[in-house]
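I opened a new page for this structure today. I wanted to look up its pocket first, then a sheet.

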Amino acid sequence: MLLEEKPGYDGFLTVKRRRYRLPDGREVDWDVFGPELDSGFSSGVTVLPLTPEGRIVTIRMFRAGPDQVVTNLPGGLVDPGEEPADGGRRELEEETGYTCESIEVVGWIWAASSSVFRKYVAIARGCRPDGQQHLDETEDCVPVELTVEEFRAELRTPGQMTGTDAAYVALDHAGLL
């Protein structure tokens, strides 16, 4: 049971200190995080983009946590008032320059066990490089098409990929595991 919440750090990621009463009666403090919660962002979306040939569109980009270039699926924040599928379609084009014929949200996961942030998972089909890439100032996305086998090999390589939880959910729903 949540007893109290206090502000902590407020940047792109926000951290709040929460005090809980556990089922056994003990009280404990936890740090919980999410992106700019006070600005209305409460969720994100990760997209598994499939080309008509069955290839997976990924992005290679620098990530500050691992401090290196990694493989990732396209995605990002869902704008306040935006439907997750619309956010996924927008993020797909912004990060890769690909558009899709259809997109379906297949579920959602918590971004982490200490997060208040939902990450929706979507599958986009009929993806083609006929859009416009529009990167944010912190993004350096390079689109790379991979076969399903190549994508699964990247998933199995430690440290090669971020967002693996959403990738596995998407592959499962697409019947590609």
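My entries follow, pocket before sheet.

**Entry 1: the model.** I note at the start that this is a predicted model.

**Entry 2: the largest pocket.** I looked up its volume and got about 1200 Å³. I then asked which residues lie closest to its centre. They are Phe-12, Arg-63, Asn-72, Gly-75 and Gly-76, out of 38 residues in the lining.

**Entry 3: what lines the pocket.** I checked which elements give two or more residues to the lining. I found four of the strands I was after early in the chain numbering: strand 3 (27–35), strand 4 (43–49), strand 5 (56–63) and strand 7 (75–77). Helix 1 (84–96) is on that list as well. I also sorted the lining residues by kind: 17 are nonpolar, 10 are polar and 11 are charged.

**Entry 4: where the pocket sits.** Why does the largest pocket lie between domain 1 and domain 2? Domain 1 (2–34) gives residues to the lining, and domain 2 (43–174) does too, so the pocket lies between them.

**Entry 5: a sheet.** I turned to an open sheet of 3 strands. Its order is 6-5-10, and the pairing is antiparallel. I looked for the edges next: strand 6 (68–72) and strand 10 (142–146) each pair on one side only. From one strand to the next, the twist averages 30°.

**Entry 6: one pair up close.** I picked strand 5 and strand 6, which pair in the antiparallel sense over 5 bridges. Which residue of strand 6 stands opposite Ile-59? I found Asn-72 there. Asn-72 was also in my list of residues closest to the centre of the largest pocket.

How values were computed: Residues are numbered from 1 along each chain as its sequence is written. This is a predicted model: local features need pLDDT of at least 70, side-chain atom pairs count only at pLDDT 80 or more; totals for chains, interfaces and linings use all residues. Side-chain values use heavy atoms; hydrogens and water are left out. On a 1 Å grid over the protein atoms alone, a cavity is a set of points where a 1.4 Å probe fits but cannot get out, and a pocket is an open set with protein on both sides within 12 Å along at least five of seven lines; lining residues have an atom within 4 Å of a point. Grid points are joined across faces, edges and corners, and a volume is the space filled by probe spheres set on the points. Ala, Val, Leu, Ile, Met, Phe, Trp, Tyr, Cys and Pro count as nonpolar, Asp, Glu, Lys and Arg as charged, and the others, Gly among them, as polar. Domain bounds come from an automatic or database domain assignment. Two strands pair if DSSP finds at least two bridges between them. Axes are lines fitted to C-alpha atoms, for helices over the stretch in contact, and angles run from 0 to 180 degrees between N-to-C directions.
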